[in-house]
Amino acid sequence: WHEVFSNVLRQMGFFPSKADHDLWMKDCGDHYDYMVVYVDDLMFASKNPQQYADELIKRFGFKLKGTGPAHYHLGIDFYRDKDGTMCMAPKCYIEKIIDGYVRMFGTKPKAYNSPLEHGDHPEMDDSKELDLDGIKKYQSLIGSLQWVNQIARFDITTAVMTLASFRANPRQGHLDRVKRIYGYLYK
């Protein structure tokens, strides 16, 4: 799929970024148009994005769904501020993972001002090891946090990366720290 679609994008005049081969650019003279590909999801940044959707449908026979202005894509909300500037934030995705947290634990997380406690050393945690159910919960929570971090919440990077390293054999103290990150996002 990737190779076939890459050939189509080249035929449309796009070329891949050297930094990320899923970011495609097209020199339009006075500006560049962009297309980003994530598996089979596409997003255009263009003065006329519909032209590319139409070309993919009419010229190349692709079936596209959900075309139009971006509002929500891969966990990210897109909106315009009062000045018309395009903004992005993972608000709906965070609400979704908080809902999952509530289903998992029966309560909303306690609000925190920081993702980890200052001077904390999770590598020295000697609390009780989690049972299989606790490990599954931990891994699910960490996976969701890794996606939030990837799409926009860089403020939790260190905390998530540190705690992700314990996913094979987490302890209760590690789970408590993950809950704190959820509380930070919740706040």
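## The second largest pocket

In this predicted model, S3, S4, S6 and helix H4 (132–151) each put at least two residues into the lining of the second largest pocket. The space in there comes to about 450 Å³. Its lining has 16 residues, and nearest the centre you'll find Val36, Tyr38, His73, Leu74 and Ile76. Sorted by class, that lining holds 11 nonpolar, 2 polar and 3 charged residues.

## The largest pocket

Next up is the largest pocket, with a volume of about 1100 Å³. It has 34 lining residues, and Leu42, Met43, Phe44, Gly66 and Gly68 are the closest to its centre.

At least two lining residues each come from S3, strand S4 (41–45), helix H2 (49–58), strand S5 (72–73) and strand S6 (76–80). S4 chips in the most, with 5 residues. The class split for this lining is 19 nonpolar, 8 polar and 7 charged.

## The cavity

As for closed-off space, the count is 1 cavity of 30 Å³ or more, and the largest cavity has a volume of about 30 Å³. Around it sit Trp1, His2, Phe5, Ser6, Trp24 and Val37. Helix H1 (residues 2–11) supplies the largest share of that lining, 3 residues. By class, the cavity lining has 4 nonpolar and 2 polar residues, with no charged ones.

## A nonpolar patch on the surface

Over on the surface, Phe15, Tyr32 and Tyr34 make a nonpolar patch of about 270 Å². Tyr32 belongs to strand S3 (residues 32–38). Patch members need over 30% relative accessible area, and Tyr32, which is partly exposed, has 38%.

Methods. Residues are numbered from 1 along each chain as its sequence is written. This is a predicted model: local features need pLDDT of at least 70, side-chain atom pairs count only at pLDDT 80 or more; totals for chains, interfaces and linings use all residues. Side-chain values use heavy atoms; hydrogens and water are left out. On a 1 Å grid over the protein atoms alone, a cavity is a set of points where a 1.4 Å probe fits but cannot get out, and a pocket is an open set with protein on both sides within 12 Å along at least five of seven lines; lining residues have an atom within 4 Å of a point. Grid points are joined across faces, edges and corners, and a volume is the space filled by probe spheres set on the points. Helices (H or I, at least four residues) and strands (E, at least two) are DSSP runs, numbered from the N terminus. Ala, Val, Leu, Ile, Met, Phe, Trp, Tyr, Cys and Pro count as nonpolar, Asp, Glu, Lys and Arg as charged, and the others, Gly among them, as polar. Patches are made of residues with over 30% relative accessible area and no salt bridge: like charges are joined within 9 Å, nonpolar side chains (Val, Leu, Ile, Met, Phe, Trp, Tyr) within 5 Å. Accessible areas come from the Shrake-Rupley method with a 1.4 Å probe; for residues, only the protein chains shown count as cover. A salt bridge is a side-chain nitrogen of Lys or Arg within 4 Å of a carboxyl oxygen of Asp or Glu. Buried means under 20% relative accessible area, exposed over 50%, partly exposed in between (1.4 Å probe, protein chains only).
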